[in-house]
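Here is a structure to examine through a series of questions about why certain descriptions apply to it. Each reply sets a computed value against the cut-off that decides the matter.

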Amino acid sequence: MHTFRRIVGVVLIVTAVVVAVHTVIEPLYYASTEASPYSPHWSKINLLTVLAVVLGVIFSYIRKRSVDREGRNAPVTREFLAANTLFYGFLFIGILFFWNWFNLLSPAFTAVGMDTVSLAWIIIDAGLPLLAGAMGISLLCGNGDG
């Protein structure tokens with residue numbers, strides 16, 4: 001299981017780097033238009049993001065569960081804050097991501113405007129690298145064992 005955690009850690013770190021770098025460099029090579037506001041590379045990156053969100057939720061839940069075993073009256077520690085921040089952060093980014101991704105895949109969904117969709121992508125693209133990078137480093141270092 002230890003080797004698997006390290007592999008997941010590497011996947012999360014690679015995804016974090018890919019999303020962060022592409023978010024920053026996309027405006028340098030791709031001119032957005034009303035008809036095509038996003039680079040076609042996002043369709044591939046979104047598959048990596050799905051994997052990162054699912055793995056992040058699973059492994060941050062395992063980490064959170066191990067911290068919660070100490071009971072309700074345990075003091076608030078750095079590990080408690082890190083585990084809860086990662087778990088609820090991945091849930092937040094996951095909800096936003098899947099809502100936005102399904103919106104992107106279904107042109108019939110018009111409940112919100114493009115400005116709202118773009119803002120959600122900005123939040124996802126800024127938050128996911130931080131969460132996935134932190135969780136990946138934690139798994140590589142052997143922390144978060146449940």
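Q: Why is Leu86 called buried?
A: In this predicted model, Leu86 has a relative accessible area of 6%, and buried means under 20%, so Leu86 falls in the buried class. The residue lies in helix H3, which covers residues 78-105.

Q: What is Leu86 in contact with, once its neighbours within four places in sequence are left aside?
A: Its partners are Ser60, Arg63, Leu131, Ala134 and Met135, where contact requires heavy atoms within 4.5 Å. Two of these names return where helices H2 and H4 meet, since Ser60 and Arg63 of H2 take part in that contact, and Met135 takes part from the side of H4.

Q: How far apart are Leu86 and Leu96 in sequence and in space?
A: They are separated by 10 residues in sequence and, C-alpha to C-alpha, by 15 Å in space.

Q: What makes Thr15 count as buried?
A: The relative accessibility of Thr15 is 0%, and the cut-off for buried is under 20%, so the residue is counted as buried. Thr15 is found in helix H1, and, apart from neighbours within four places in sequence, it is in contact with Leu48, Thr49, Ala52 and Leu128.

Q: Which other residues of H1 are buried, and what covers them?
A: The buried residues of H1 include Arg5, Val8, Gly9, Leu12, Ala16, Val19, His22 and Glu26, while the cover over the buried residues of this helix includes helix H2 (42-68) and helix H4 (114-140).

Q: How do you know that the span of H1 is close to the expected one, and where does the helix bend?
A: Helix H1, residues 2-29, has 28 residues and reaches 40 Å from its first C-alpha to its last, which is close to the 40 Å expected at 1.5 Å a residue. H1 nevertheless bends by about 35 degrees at Thr23, and a proline, Pro27, follows within four residues.

Q: Why is H1 described as roughly antiparallel to H4?
A: The two helices pack at an angle of about 155 degrees, with their axes 7 Å apart. Angles over 145 degrees count as roughly antiparallel, and the pair is therefore given that description. H1 passes H4 in a left-handed crossing, and the residues that meet there include Val8, Leu12, Thr15 and Val19 in H1 and Leu128, Ala132, Met135 and Leu139 in H4.

Q: Why are H2 and H4 called oblique to each other?
A: H2 and H4 pack at an angle of about 50 degrees, with their axes 10 Å apart. Roughly parallel needs an angle under 35 degrees and roughly perpendicular one of 65 to 115, so the pair is classed as oblique. H2 passes H4 in a left-handed crossing, and the contact is made by residues including Trp42, Asn46, Thr49, Val53 and Phe59 of H2 and Trp121, Asp125 and Leu128 of H4.

Q: What makes up the secondary structure of the protein chain, and what pattern does it follow?
A: The chain has 4 helices and 0 strands, and, read along the sequence, it follows the pattern α-α-α-α. Its C-alpha trace spans about 55 × 30 × 20 Å along the principal axes.

Q: How much of the protein chain is buried, and what share of its contacts with a separation of 6 or more joins residues 24 or more positions apart?
A: Buried residues make up 39% of the 146 residues, and residues 24 or more positions apart account for 73% of the contacts with a separation of 6 or more.

Key:
Residues numbered from 1 in each chain as written. Predicted model: local features only at pLDDT ≥ 70, side-chain atom pairs only at ≥ 80, totals over all residues. Heavy atoms only, no water. Expected span 1.5 Å × (residues − 1). Bend = angle between axes of the 7 residues up to and from the residue. Buried < 20%, exposed > 50% of the residue type's maximum accessible area, 1.4 Å probe, protein only. Axes fitted to C-alpha atoms, helices over the stretch in contact; angles between N-to-C directions. Left-handed = near helix turned anticlockwise from the far one by under 90°.
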